[in-house]
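Grab a coffee and work through a few short exercises on the chain shown here. Each one sets a task, and a step-by-step solution follows.

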Amino acid sequence: MNTRVFSEKIIAGILVALFFGIALYIRVVLPYDQVFVGDWIKFTGVDAYFFMRQVDSIVHNFPHLMTFDPYALYPDGSYVGIRSFFVYMIAGVAWFVGLGSPTQHVVDVVGVYFPAVLGALMVIPVFFIGKALFNRWAGVIAAGLVGILPGEFLGRSILGFTDYHVAEVLFTTITMMFLILAVKNAKEKELTFEQVKDLNWAAMAKPFVYSFLAGIFLGIYLLTWAGALLFVFIIFVYLIIQFIIDHLKNRSTDYLCFVSIVVFIIASLMFLPTSPNRMFLASLIISIVIPVVLAVLSRFMSSRDIKPVIYPVALVGLGLVSLVIFRIASPSLFQSMISRLYIFTWPTETTVYEMRPLLLPAGGFSWDVAWGNFTTGFFLSFIALGILVYSVIKQGDTDKTLFVVWSLVILAATLSMRRFAYYFVVNVALLTGYISWLVLKFSGFGRPATEYSEPLEVTKKKKKWQRKQQSVSAPAANRVYMVLGVIFIFLLVFYPNIGPLPRGEGKYTKYTIDTASAAPFAPSDAWCESLSWLRDNSSEPFDNSEFYYEFYQPPSRSESYDYPQTAYGVTAWWDYGYWITRISRRIPTSNPGTGDEGEALLFTAQNEDSANEILEDKWGSKYIIVDYLMTYGKFHAVATLSGSTPGNFYDDYYLPQDGSFRRLFYPEYYRSLVVRLYNFGGKQVVPNKSIVISYEQKITLKGQSYREITSVKDDFPSYEEAEAYISSQKSGNYKIVSPDPFTSPVPLEALEHYKLVYSSKGTVLHEMIPQVKIFEYIK
């Protein structure tokens with residue numbers, strides 16, 4: 001083996017191992033103090049508590065995964081709609097570490113470390129993809145970058161973010177790695193049906209093994225996420241494009257048919273027995289049959305010397321006819337499959353931030369989210385993608401075509417919904433690694449030593465001192481260029497992620513470090529202590545605390561779960577439902593998987609009677625939990641989902657005297673149940689004064705509407721006098737307001753059926769107000 005090649009392999013291996021260690025350090029050490037807090041082990045993702053609830057069950061009932069959970073939702077219980085291989089992986093590791101009987105501590109520790117390890121492992125398949133597509137050093141750069149890029153992927157792969165998102169990315173990346181190797185190797189060996197028929201293993205072996213492994217990991221991906229048809233779609237689109245490219249260039253398409261059949265058959269055999277869903281079944285069958293049809297058609301047209309350009313025209317015609325027949329034969333299935341393309345729409349009217357378009361995060365155009373996810377890599381990837389698209393058009397390399405299609409589809413999904421940025425991180429890393437290598441190559445890397453030499457006869461004619469000076473200066477200059485190239489790539493590609501960058505007002509941001517350290521979705525200490533109090537101080541809903549670990553028999557679909565008389569619900573905003581189930585071992589009336597307008601109508605109810613009707617008749621709740629965010633940070637979502645708008649409860653007004661905007665709250669805000677509970681503890685409120693403002697509606701130069709205050713009268717001793725004043729005005733816009741959410745301008749009666757039973761020690765607003773409050777509903 002060439003010594004230089006051998007040393008390059010060792011150096012690349014050491015660098016990839018180093019990048020794995022750095023990626024693991026970022027994901028484990030930086031958020032560690034946010035996860036291991038006193039006696040608590042916190043999970044840093046909301047849905048992590050849902051998955052860990054399933055892990056709790058399976059480790060006590062191994063290998064049976066629950067299909068129904070009476071702890072998930074009151075008063076009907078809930079079928080477990082997500083049955084993920086991801087849960088089995090965590091439970092299997094915990095079961096192994098715990099020698100078949102893991103403690104709750106072991107389960108939690110395995111659970112919090114799992115996403116961090118999977119996230120760090122990403123550097124390995126990314127390296128091999130970069131090496132297969134471009135070269136070893138492009139793979140090394142991509143591996144280093146994927147481990148440190150901030151944003152959605154890093155945030156979803158830190159310690160405690162025990163959600164299947166990181167597993168999705170790992171399994172799809174490994175799938176694409178083996179698929180790239182399969183099509184590349186099959187193409188190089190010019191694999192044909194005749195060789196397959198003759199069992200020519202010299203030509204078949206590597207393509208078959210790579211295809212088989214791609215099918216295995218595609219099958220695991222299908223078993224992990226319900227939306228896994230995304231990558232079936234990507235591979236399917238690639239196959240159609242590559243069939244057309246190869247046929248137009250008079251190349252055999254047999255190898256594509258062979259690879260695709262192996263991949264999709266293996267994936268189908270793994271997935272369909274566990275989930276014989278009509279849409280998945282139809283999709284996988286189509287993915288197996290269509291490549292065969294395309295290959296046979298290509299062979300037929302080639303054997304008849306039909307012009308290659310007829311091939312894509314024929315495919316379009318056959319495709320349109322097939323779609324029409326499919327829609328007529330099964331309109332519901334057709335519609336279900338078409339509806340899956342919603343991920344490529346640009347939803348702007350949503351309160352779920354991760355569902356918003358990448359470049360329209362708040363309705364208006366902004367680079368902020370894209371920069372926060374990928375920094376300079378986002379822009380560099382477009383340059384690299386353009387180069388690769390040109391290369392594919394000119395040469396039609398099968399492996400690069402696959403990568404381009406993969407990148408373009410994931411880019412489209414990411415631009416539509418920012419959540420898919422955790423998928424696009426792989427493509428950005430690889431594309432940036434590619435463009436970085438081109439820069440390094442330009443600076444002198446990768447050139448053979450002979451490239452810097454000159455003909456021997458020219459060298460002999462030079463004087464001795466000239467030859468000596470040349471022998472020193474040429475390599476030295478080359479090394480300078482190479483060093484400058486490395487520094488340039490580090491500053492352009494790596495530094496924006498890990499180094500401090502200004503963000504205005506004298507502040508600096510280290511995107512990767514800040515993302516990994518924040519853990520914004522972990523429950524606060526106040527929530528942990530409040531739910532622990534509820535678990536220790538409220539009655540068991542099933543009389544037996546160990547019932548939490550039982551394997552439950554589900555009721556029939558037409559019936560509700562038969563709860564005992566001791567059972568009751570706990571009502572909070574639906575974001576907190578999974579926390580209530582797993583931390584307090586109590587039954588929420590809603591959770592992130594089932595949230596609807598019910599909680600919004602309850603918390604915005606303007607009188608106690610209407611609130612009681614919702615709480616008692618619909619849910620049978622015994623406790624209500626409210627926190628600071630529900631009355632302020634999340635109140636816009638509460639108001640919107642109630643069928644109203646935030647503008648009916650508060651609005652931002654421009655104060656011309658100091659040139660700033662200020663939020664002012666209306667009487668409807670203070671009358672809402674959540675504000676009466678949290679801000680005032682359910683007690684009677686008699687205001688000392690009421691404020692009346694007048695305002696004008698104005699338009700900015702950008703066409704945005706806003707309200708400007710024209711006068712303020714704050715000398716009304718009572719709400720009734722303020723109302724009377726507004727009624728006496730014959731023109732103009734007037735509102736009764738208060739600038740303080742804890743100072744009501746409107747009188748409030750004491751709530752008769754709500755008793756404050758716990759206030760958290762954790763506080764907000766300069767440590768003056770408990771962050772979480774628990775009320776008992778008394779009939």
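**Exercise 1. Find which residues gather in a patch of negative charge on the surface of this predicted model, and place Asp 617 in its helix.**

Step 1: pick out the acidic residues. The patch is made of Asp 609, Glu 613, Glu 616, Asp 617, Glu 749 and Glu 752.

Step 2: place Asp 617. Look in helix α27, which covers residues 608–619.

Step 3: check its exposure. Asp 617 has a relative accessible area of 60%. Exposed means over 50%, so Asp 617 counts as exposed.

**Exercise 2. Work out which residues form the nonpolar patch on the surface, and decide how Phe 490 should be classed: buried, partly exposed or exposed.**

Step 1: list the members. Val 480, Tyr 481, Val 483, Leu 484, Ile 487, Phe 490, Leu 491 and Ile 498 make up this patch, and together they offer about 740 Å² of accessible area.

Step 2: put Phe 490 on the map. Helix α22, residues 464–498, is where Phe 490 sits.

Step 3: classify Phe 490. Its relative accessible area is 38%. Buried is under 20% and exposed is over 50%, so Phe 490 ends up as partly exposed.

**Exercise 3. Track down the cis peptide bond between Phe 62 and Pro 63 and the one between Tyr 74 and Pro 75, and say where each proline lies.**

Step 1: remember what you'd normally expect. Most peptide bonds are trans.

Step 2: take Phe 62 and Pro 63. Omega for this cis bond is about 5°, and Pro 63 falls in the loop between α3 (48–60) and β3 (68–69).

Step 3: move along to Tyr 74 and Pro 75. Omega here is about 15°, with Pro 75 in the loop that runs between β3 and β4 (78–79).

**Exercise 4. Look at Glu 190 and Asn 250: what is the sign of phi at each, and is each one buried or exposed?**

Step 1: recall the background. Most residues other than glycine have a negative phi.

Step 2: check Glu 190. Phi is positive, about 50°, though Glu 190 isn't a glycine. You'll find Glu 190 in the loop between α9 (165–188) and α10 (193–197), and a relative accessible area of 61% makes it exposed.

Step 3: do likewise for Asn 250. Phi is positive again, about 60°, and Asn 250 is no glycine either. Asn 250 belongs to the loop between α12 (229–248) and α13 (254–271). Its relative accessibility is 64%, so Asn 250 is exposed.

Technical notes: Residues are numbered from 1 along each chain as its sequence is written. This is a predicted model: local features need pLDDT of at least 70, side-chain atom pairs count only at pLDDT 80 or more; totals for chains, interfaces and linings use all residues. Side-chain values use heavy atoms; hydrogens and water are left out. Patches are made of residues with over 30% relative accessible area and no salt bridge: like charges are joined within 9 Å, nonpolar side chains (Val, Leu, Ile, Met, Phe, Trp, Tyr) within 5 Å. Accessible areas come from the Shrake-Rupley method with a 1.4 Å probe; for residues, only the protein chains shown count as cover. A salt bridge is a side-chain nitrogen of Lys or Arg within 4 Å of a carboxyl oxygen of Asp or Glu. Helices (H or I, at least four residues) and strands (E, at least two) are DSSP runs, numbered from the N terminus. Buried means under 20% relative accessible area, exposed over 50%, partly exposed in between (1.4 Å probe, protein chains only). Lys and Arg count as positive and Asp and Glu as negative; His and the chain ends are not counted. The place of a charge is taken as NZ of Lys, CZ of Arg, CG of Asp or CD of Glu.
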